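Student: Could you take me through one part of this model in detail? I'd like to see how the inside is put together and where the charged side chains pair up.

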Amino acid sequence: MPKLNILVGTMYGGALDVAEQVKPLFEQAGYAVTIHEQPSVDDIVGGDADLVLFCVSTTGSGDFPGSFVPFVRNLRDRSPALTSLRYGLIALGDSSYGDTFCGAGRALDELLADHGATRLGERLEVDAMETFMADDAAVPWVEEWIVAQQLEVA
């Protein structure tokens, strides 16, 4: 059974809600899923997960949520090679913040790419100005993402 880790960075619970809403979709597709609310680099380095999904909200002026800062700091400090990491990314933000919209998700995407990780599919950016419930955008995206991963494996 393939394994998926969902790493969550949230301030007010929106990204965790998304993770909890999409978890059953992965389970129905045959994945064993673990949600990490306080993620560590060990959850993506040498772990047993076949795929990783990041659900990250943006705070302030494009900043990472407090619960996710230690993960990012540790990733930068350890600077591990992530060439075997295959991941998806759901970024939550508010377009009224202009240039910093989804800043945490975009910065994470760049950081992972700098370490050799491979993003599968496009990054989903959910705008709080357009989508009241982030899972309304995340669920259909995840459904398509799962199908794309299954087609790639087949």
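Tutor: Here is a walk from one residue in a strand out to the core, a helix and the salt bridges. One caveat up front: this is a predicted model, where local features need pLDDT of at least 70, side-chain atom pairs count only at pLDDT 80 or more, and totals for chains, interfaces and linings use all residues. Residues are numbered from 1 along each chain as its sequence is written, and side-chain values use heavy atoms, with hydrogens and water left out.

Let's start at F54, which sits in strand β3 (residues 51–57); helices (H or I, at least four residues) and strands (E, at least two) are DSSP runs, numbered from the N terminus. F54 is buried, with a relative accessible area of 0%. On that scale, buried means under 20% relative accessible area, exposed over 50%, and partly exposed in between (1.4 Å probe, protein chains only). Leaving out residues up to four places away in sequence, F54 touches L7, I44, F68, F71, Y87, G88, L89, I90, L108 and L112, a contact being heavy atoms within 4.5 Å. Its C-alpha is 8.6 Å from that of A19, 35 residues apart along the chain.

I90, one of those partners, has its own list: beyond neighbours within four places in sequence, I90 is in contact with V18, L53, F54, C55, V56, L124, V126, A138, W141 and V142.

Now zoom out to the nonpolar cores, meaning sets of buried Ala, Val, Leu, Ile, Met, Phe, Trp, Tyr and Cys residues joined through side-chain atoms within 4.5 Å. The largest has 26 residues, and I6, V22, F26, L53 and I90 have the most contacts inside it. Two or more residues each come from β1 (3–9), α1 (14–28), β3, β4 (86–93), β6 (124–127) and α4 (134–153). The largest share, seven residues, is from α1. Apart from this core lies another, of 20 residues, V56, F71, L75 and L82 among them. As background, nonpolar side chains tend to be buried together in soluble globular proteins.

Helix α1 deserves its own stop. In α1, the residues A15, L16, V18, A19, V22, L25 and F26 are buried. The helix has 15 residues and reaches 23 Å from first C-alpha to last, close to the 21 Å expected at 1.5 Å a residue (that is, 1.5 Å times one less than its number of residues). There's a kink of about 30° at V22, shortly before the proline P24; the bend is the angle between axes fitted to the seven residues ending there and the seven starting there. After α1 comes G30, whose phi is positive, near 100°.

Finally, the charges. With a salt bridge taken as a side-chain nitrogen of Lys or Arg within 4 Å of a carboxyl oxygen of Asp or Glu, the count comes to six. R106 pairs with E125, their closest N and O atoms being 2.8 Å apart. That pair links distant parts of the chain, R106 in helix α3 (residues 103–114) and E125 in strand β6, 19 residues apart. R106 is partly exposed at 33% relative accessibility, and E125 is partly exposed at 26%. E125 also meets R123 in a salt bridge (2.9 Å, N to O). R106, D109, R119, R123 and E125 are linked in a network of salt bridges.
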